[in-house]
Structure formats: structure tokens, C-alpha cells
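Dear colleague,

I am passing on the structure we spoke about, and my notes on what was found in it follow below. Please read them with the coordinates open beside you.

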Amino acid sequence: MRALVDTDILLDIALKREPFVRESAEVIRWAQSEPGQIGIAWHSLSNVAYLVDSARGFIHDLLHFIEVSPTGSREAKQALGFPMRDLEDALQAASAVAFDAVFIVTRNSKDYKKSPIPAITPAKFLAEVGRS
């Protein structure tokens, strides 16, 4: 099942944010067992690098089994047209469309109500893939 993981899930793991790290880490463990089924937005990499010391190793490890969604100007323009208040969330949604994702995995699902790709929590994603 193809899904795009929002930056908050990556930050939960990299920063060991409680109480979220366990479920977020389980999503990433699933991704390791299903290489290429989880995508991230290009700008998630810079967001993580900006907020996490020593992010390069973390990102390097992720890129062994997680794909960066193929995005460019067309997807950025698409994001600008989405009826979503937060442009960063709209960019995530455009990345999810480009990745052919079924879901966006995020703890911030309320801000994705108008996204063309439905957003679900890590717990709901894990239930979908039989890892709950």
C-alpha cells in the first residue's frame, strides 16, 4: 500500500518525541519491510535537516527504503490550487498525488480535510497494513 509520510512522523522518530515515537517508528519499520511503498516529499528532507542535529545519517538511512516523491514545478503549482490553508500541507498533498499514494500518514489529519489524498494517523495506517 503506497503512502506518503508527513514530516511530523519523521520528526517524531528523529527527535524521539513522546508519546508519538512508538507508532511513528512502527510505520517506518513497515516501510523497511516493504521498500518503495512509502514516499516522502522532497521538502521534508530540508525540514528534518533544519530541525534535527546530525540529520544526514538519519536521512541517509531512510533513503535505503523510502522514496522521494517525484515533484517539480507542476506539482508546486498544483499545490497552490488545492483548497488547503497551509501551503506546506498542500505541498505534501501534491507530493502524495505524484507518488500515487493511497494515504498521507500524519498526526495532523485535521489540516488535510481538503486534500485530494486522505490523511490517516500512524495508528490507522498500521491497522490498514495489519500491524496494529
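**Fold and cores**

From the N terminus on, the order of elements in the protein chain is β-α-α-β-α-α-β-α-α-β-β-α, which comes to 7 helices and 5 strands. Please keep in mind that this is a predicted model.

As for overall dimensions, the C-alpha atoms of the protein chain fill a box of roughly 35 × 30 × 25 Å along the principal axes. A compact globule of 132 residues would have a radius of gyration near 14 Å, and the protein chain, with 14 Å, therefore agrees with that expectation. Of the contacts with a separation of 6 or more, 63% are between residues 24 or more positions apart.

Turning to the interior, 47% of the 132 residues count as buried. In soluble globular proteins, nonpolar side chains tend to be buried together. The largest nonpolar core here has 27 residues, and those that touch the most other members are V5, L10, I38, V48, I66 and F125. At least two residues of this core come from each of β1 (3–5), α1 (7–14), α2 (21–33), β2 (38–40), α3 (42–51), α4 (55–62), β4 (103–105) and α7 (122–128), with the largest share, 5 residues, supplied by α2. Apart from this core lies another, of 14 residues, which includes L4, F82, A94 and I104.

Two residues may be useful places to start looking, one from each core. If neighbours within four places in sequence are left aside, I38 is in contact with A3, V5, W30, A31, F65, I66, E67, F99 and F125, and among these contacts V5, I66 and F125 are named with I38 as residues that touch the most other members of the largest core. A94, a member of the other core, is found in helix α6 (residues 87–98), and because its relative accessibility is 1%, A94 counts as buried. Not counting residues up to four places away in sequence, A94 touches E75, Q78, A79 and F82, of which F82 is also listed in the core of 14 residues. The C-alpha atoms of A94 and S33, which are 61 residues apart along the chain, are separated by 25 Å.

On the outside, the accessible surface of the protein chain comes to about 7,100 Å², and carbon and sulfur atoms account for 53% of that area. The chain carries 15 positive and 17 negative charges, and the mean positions of the two sets are 3 Å apart.

With best wishes

Terms used. Residues are numbered from 1 along each chain as its sequence is written. This is a predicted model: local features need pLDDT of at least 70, side-chain atom pairs count only at pLDDT 80 or more; totals for chains, interfaces and linings use all residues. Side-chain values use heavy atoms; hydrogens and water are left out. A nonpolar core is a set of buried Ala, Val, Leu, Ile, Met, Phe, Trp, Tyr and Cys residues joined through side-chain atoms within 4.5 Å. Buried means under 20% relative accessible area, exposed over 50%, partly exposed in between (1.4 Å probe, protein chains only). Helices (H or I, at least four residues) and strands (E, at least two) are DSSP runs, numbered from the N terminus. Contact means heavy atoms within 4.5 Å. The radius of gyration is taken over C-alpha atoms; the globule rule is 2.2 Å times the number of residues to the power 0.38. Accessible areas come from the Shrake-Rupley method with a 1.4 Å probe; for residues, only the protein chains shown count as cover. Lys and Arg count as positive and Asp and Glu as negative; His and the chain ends are not counted. The place of a charge is taken as NZ of Lys, CZ of Arg, CG of Asp or CD of Glu.
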